[in-house]
Amino acid sequence: MKEFREALLADVGNPNYTMRRVVRQSKFRHVFGQAVKNDQCYDDIRVSRVTWDSSFCAVNPRFVAIIIEASGGGAFLVLPLHKTGRIDKSYPTVCGHTGPVLDIDWCPHNDQVIASGSEDCTVMVWQIPENGLTLSLTEPVVILEGHSKRVGIVAWHPTARNVLLSAGCDNAIIIWNVGTGEALINLDDMHSDMIYNVSWNRNGSLICTASKDKKVRVIDPRKQEIVAEKEKAHEGARPMRAIFLADGNVFTTGFSRMSERQLALWNPKNMEEPIALHEMDTSNGVLLPFYDPDTSIIYLCGKGDSSIRYFEITDESPYVHYLNTFSSKEPQRGMGYMPKRGLDVNKCEIARFFKLHERKCEPIIMTVPRKSDLFQDDLYPDTAGPEAALEAEEWFEGRDADPLLVSLKHGYIPGKNRDLKVVKKNILDSKPTANKKCDLISIPKKTADAASGQNEAKLDEILKEIKSIKDTICNQDERISKLEQQMAKIAA
């Protein structure tokens, strides 16, 4: 109510003020949030206590992953979405890092692949079995080494397969081709201080960053140049966040000089002045923004807050329109955000959050109240699907492509739309065929062929090694018998 009153006063002070601005028409004015019942939460989880401002949680239509406390290294839990209730202390974890895990991110093009960044200066990419973990996972598919300090940010490219970005406390951003395990772009001289966050734009041609030096930068990673920059985007010393919106504008959250939390909207073509700047409150929790490009709604979750505020971004002043606040009693340690294809379209669910408490994870469902049971086209425009629009090599060569969209009219059912039974060695190399209907038939055959080819090559390698060892043993036997003969002669 306070935010609404502030927005109202701001509008009244505007010379172009009209009543229309107060009762602005929007289908999202009545969005309401609701926490699920206790038996649908994930209980008895020791959420990580590491002092790092990441969300500690990543979600996709199959799994929820949560960074947890781990002795002698770093670990995170990966739970199938249906695995609710109390989680046993002996439940298997992903635990290959030697230092605490700081950030995790699911691959948008394969629901079984997740990347993690850690204090041990490495990035690891993991393949989760189709039905979840039955044993703890210690062997990643690939280890990406290139940072000299802890890695606090990992973010997959939105449209190109196998392209992963990582940012570390060495102030460097590295972009990897995960399929080959190579670092192909290293932006190590653009930031003079710690990077708070990195965000890809809609087609992955640009990134924007927020840094401890109070600058927001828009960077072309392939040309390795800064396209736009704003000094003191927010005057306060506390951490900022910057994310790209679908229209190419940049949305930031930060603090004023008086330590009031702010949000701002910027046009990268002219960053002298913000398009909009709003002050919110004096809480000191960092605001984590979650953006839905389909509905142009931004959800702000403050670390340590017990509320989620949401705003609609439009083309008309004041551009950032306050919608409502979801409040609960418990403060949030972190937050996961479900991609659109994981939502229940039959219940008019437009967002689902996974709120981390100290000992549990609680899903929160955001719904638009509608009387009809029919599919609501206006709430669910076609959304980014699981197919990659480009291969890694194409993107590195300079091509761009928007996300390949899918309709949610009949819901998205993980596992039925595509085959996820892929060979571990091949998980990041499986290319889609042009004809999607043939995909389900052709992938297993191709995978089997690839697997048998790899097995034969491996067998040849082993046989050669065995022959080499046998030859060495024979040579050593001859040498030993000669030495024994010499010894016998000397002794005699």
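## A tour of one sheet and several salt bridges

Begin by selecting R217, which counts as buried because its relative accessibility is 2%, under the 20% cut-off for that class. Keep in mind throughout that the model on your screen is a predicted one. With R217 still highlighted, add D213 and display both side chains, which meet in a salt bridge with an N to O distance of 2.7 Å.

Next, select K215 together with E229, whose side chains also form a salt bridge, here at 3.9 Å from N to O. K215 belongs to the loop between β17 (207-211) and β18 (216-220), whereas E229 sits in strand β19 (residues 225-230), so this contact ties together parts that are 14 residues apart in sequence. How do the two partners compare in burial or exposure? K215, at 19% relative accessibility, counts as buried, while E229, at 36%, counts as partly exposed.

Now switch to a cartoon view and colour the strands that surround this loop. Four strands, in the order β16-β17-β18-β19, make up an open sheet with antiparallel pairing. Which strands form the edges of the sheet? They are β16 (195-200) and β19, each of which pairs on one side only. If you look along the sheet from one strand to the next, the twist averages 20°. In general, the strands of a sheet pair through backbone hydrogen bonds, and this can happen in a parallel or an antiparallel sense.

To examine one of these pairings more closely, isolate β16 and β17, which run antiparallel to each other and are paired over five bridges. Selecting N197 gives you a convenient landmark here, as it stands opposite A210 in β17.

From the sheet, move on to R309 and D281, and show their side chains, which meet in a salt bridge at 2.8 Å, again from N to O. R309 lies in strand β26 (residues 307-313) and D281 in the loop between β23 (276-279) and β24 (287-292), so the pair links parts that are 28 residues apart in sequence. R309 has a relative accessibility of 10% and counts as buried, and D281, with 13%, also counts as buried.

For the last stop, select D44, R86, K89 and R359 as a group, since salt bridges that share partners join these residues into one network. Should you wish to continue on your own, a search of the whole structure finds 22 salt bridges, among them the pairs D213 with R217, K215 with E229 and R309 with D281.

Conventions: Residues numbered from 1 in each chain as written. Predicted model: local features only at pLDDT ≥ 70, side-chain atom pairs only at ≥ 80, totals over all residues. Heavy atoms only, no water. Salt bridge = Lys/Arg side-chain N within 4 Å of Asp/Glu carboxyl O. Buried < 20%, exposed > 50% of the residue type's maximum accessible area, 1.4 Å probe, protein only. Helix = DSSP H or I, 4+ residues; strand = E, 2+ residues; numbered from the N terminus. Pairing = 2+ DSSP bridges. Axes fitted to C-alpha atoms, helices over the stretch in contact; angles between N-to-C directions.
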